[in-house]
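Welcome, and please load the model in your viewer with the sequence panel open. We will go from one selection to the next, pausing at each to see what is there.

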Amino acid sequence: EAGRRLLVRRSVVRHSLRRQASARSLEHETLRGGHASQGADLLAVIRAVGAHPSAGVNAHLVPLLADRDLAIATAAAGALGTPGNVEVVRPLTASLRRDDALLQAAVLRSLARIGTQSARQALELVAARHPDPLLRATAEAEAIILARRQGTTLGVMLGANAPDVAVAPVN
């Protein structure tokens with residue numbers, strides 16, 4: 001029952017983030033004047049190199065998290081989310097300061113995919129302290145799912161916010 005509620009909550013939060021992001025994306029594309037051909041090629045490259053994680057790839061993708069083109073920053077955030085890529089947890093978490101729902105959602109998904117203790121701690125910190133309630137809820141859902149997948153308990157900060165959630169391993 002708790003697992004079903006968590007999945008429903010996660011779906012509602014993601015749907016809300018997508019709606020906000022699509023409105024912002026349309027506005028952003030309009031402001032850019034619709035020039036997306038060069039950006040589309042770069043986005044394809046970013047996604048492709050993300051499938052081959054390495055220190056060199058990280059060195060090229062991390063600076064793109066601050067790119068003024070939010071589509072590029074979002075693609076970089078998604079590409080950096082490979083299991084065990086602990087070196088990018090801090091830059092990803094820092095990019096949550098940018099006010100873009102798609103970028104923030106990509107960062108949270110990437111932290112969950114990275115799946116290390118430091119990534120989970122970052123998710124728990126966002127869930128406990130971020131000023132945006134929607135982002136907090138999304139981070140909380142990702143942290144709970146990650147804890148279940150790992151068969152561990154929630155951290156102290158998040159556990160205090162969600163005492164009714166029983167954490168059990170998910171196969």
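## First stop: a serine in a loop

Begin by selecting serine 95, which sits in the loop between helix H5 (89-94) and H6. Keep in mind throughout that you are looking at a predicted model. Is serine 95 buried or exposed? With a relative accessibility of 5%, serine 95 falls under the 20% cut-off, so the residue counts as buried. Now draw a distance from its side chain to the backbone oxygen of leucine 92: the two are 2.6 Å apart. Leaving out residues up to four places away in sequence, serine 95 touches Leu65, Leu103 and Val107.

## Zoom out: the whole chain

Before going further, switch to a cartoon view. You should find 9 helices and 0 strands, so the pattern read along the sequence is α-α-α-α-α-α-α-α-α. The chain has 171 residues, and 42% of them count as buried. If you build a contact map, take the contacts between residues at least 6 apart in sequence: 62% of these join residues at least 24 apart.

## Helix H6

Next, select residues 101-114, which form helix H6. At 1.5 Å a residue, its 14 residues should span 20 Å, and the end C-alpha atoms are indeed 20 Å apart, so expectation and model agree.

Step to the start of H6 and show the side chain of aspartate 100. One of its side-chain oxygens reaches to within 3.4 Å of the backbone nitrogen of leucine 102. Then go to what follows H6: glycine 115, with a positive phi near 75°.

How many of the 14 residues of H6 are buried? The count is 11, so H6 is largely enclosed by the rest of the structure. To colour them, pick Ala101, Leu103, Gln104, Ala105, Ala106, Val107, Leu108, Ser110, Leu111, Ala112 and Ile114. Two of these, Leu103 and Val107, were among the residues touched by serine 95 at our opening stop.

Arginine 109 also belongs to H6. At 32% relative accessibility, arginine 109 counts as partly exposed. For a distance label, join its C-alpha atom to that of threonine 138: the separation is 9.3 Å, for residues 29 apart along the chain.

## Helix H4, alongside H6

Keep H6 on screen and add residues 70-79, helix H4. The axes of H4 and H6 come within 8 Å and cross at roughly 10°. An angle under 35 degrees counts as roughly parallel, and H4 and H6 are therefore roughly parallel to each other. To see where they meet, show Ala73, Thr74, Ala77 and Gly78 on H4, together with Leu102, Leu103, Ala106, Val107, Ser110 and Arg113 on H6. Colouring this contact by class gives 6 nonpolar, 3 polar and 1 charged residues.

Now look at H4 alone. Of its 10 residues, 8 are buried, so H4 is largely enclosed by the rest of the structure. The buried ones are Leu70, Ile72, Ala73, Thr74, Ala75, Ala76, Ala77 and Ala79. Which residue caps the N-terminal end of H4? Select aspartate 69: a side-chain oxygen lies 3.0 Å from the backbone nitrogen of alanine 71.

## On to H7

Return to the far end of H6 and move on to threonine 116, in the loop between H6 and helix H7 (117-129). Threonine 116 has a relative accessible area of 19%, and counts as buried. Beyond its neighbours within four places in sequence, threonine 116 is in contact with Gly84, Val86 and Val89.

Inside H7, pick out glutamate 124. With a relative accessibility of 5%, this glutamate counts as buried. Its C-alpha atom is separated by 6.1 Å from that of alanine 143, although the two residues are 19 apart along the chain.

## Last stop: helix H8

Alanine 143 brings you to helix H8, residues 133-150. The expected span of its 18 residues, at 1.5 Å a residue, is 26 Å; the end C-alpha atoms are 25 Å apart, which agrees. In H8, 14 of the 18 residues are buried, so this helix is largely enclosed by the rest of the structure.

Finish by visiting both ends of H8. Aspartate 132 caps the N-terminal end, with a side-chain oxygen 3.0 Å from the backbone nitrogen of leucine 134. After H8 comes glycine 151, whose phi is positive, near 70°.

Notes. Residues are numbered from 1 along each chain as its sequence is written. This is a predicted model: local features need pLDDT of at least 70, side-chain atom pairs count only at pLDDT 80 or more; totals for chains, interfaces and linings use all residues. Side-chain values use heavy atoms; hydrogens and water are left out. Helices (H or I, at least four residues) and strands (E, at least two) are DSSP runs, numbered from the N terminus. The expected span of a helix is 1.5 Å times one less than its number of residues. Buried means under 20% relative accessible area, exposed over 50%, partly exposed in between (1.4 Å probe, protein chains only). A polar contact is a pair of N or O atoms within 3.5 Å; within protein, one must be able to donate a hydrogen and the other to accept it, and residues adjacent in sequence count only if both atoms are side-chain atoms. Axes are lines fitted to C-alpha atoms, for helices over the stretch in contact, and angles run from 0 to 180 degrees between N-to-C directions. Angles under 35 degrees count as roughly parallel, over 145 as roughly antiparallel, 65 to 115 as roughly perpendicular and the rest as oblique. Contact means heavy atoms within 4.5 Å. Ala, Val, Leu, Ile, Met, Phe, Trp, Tyr, Cys and Pro count as nonpolar, Asp, Glu, Lys and Arg as charged, and the others, Gly among them, as polar.
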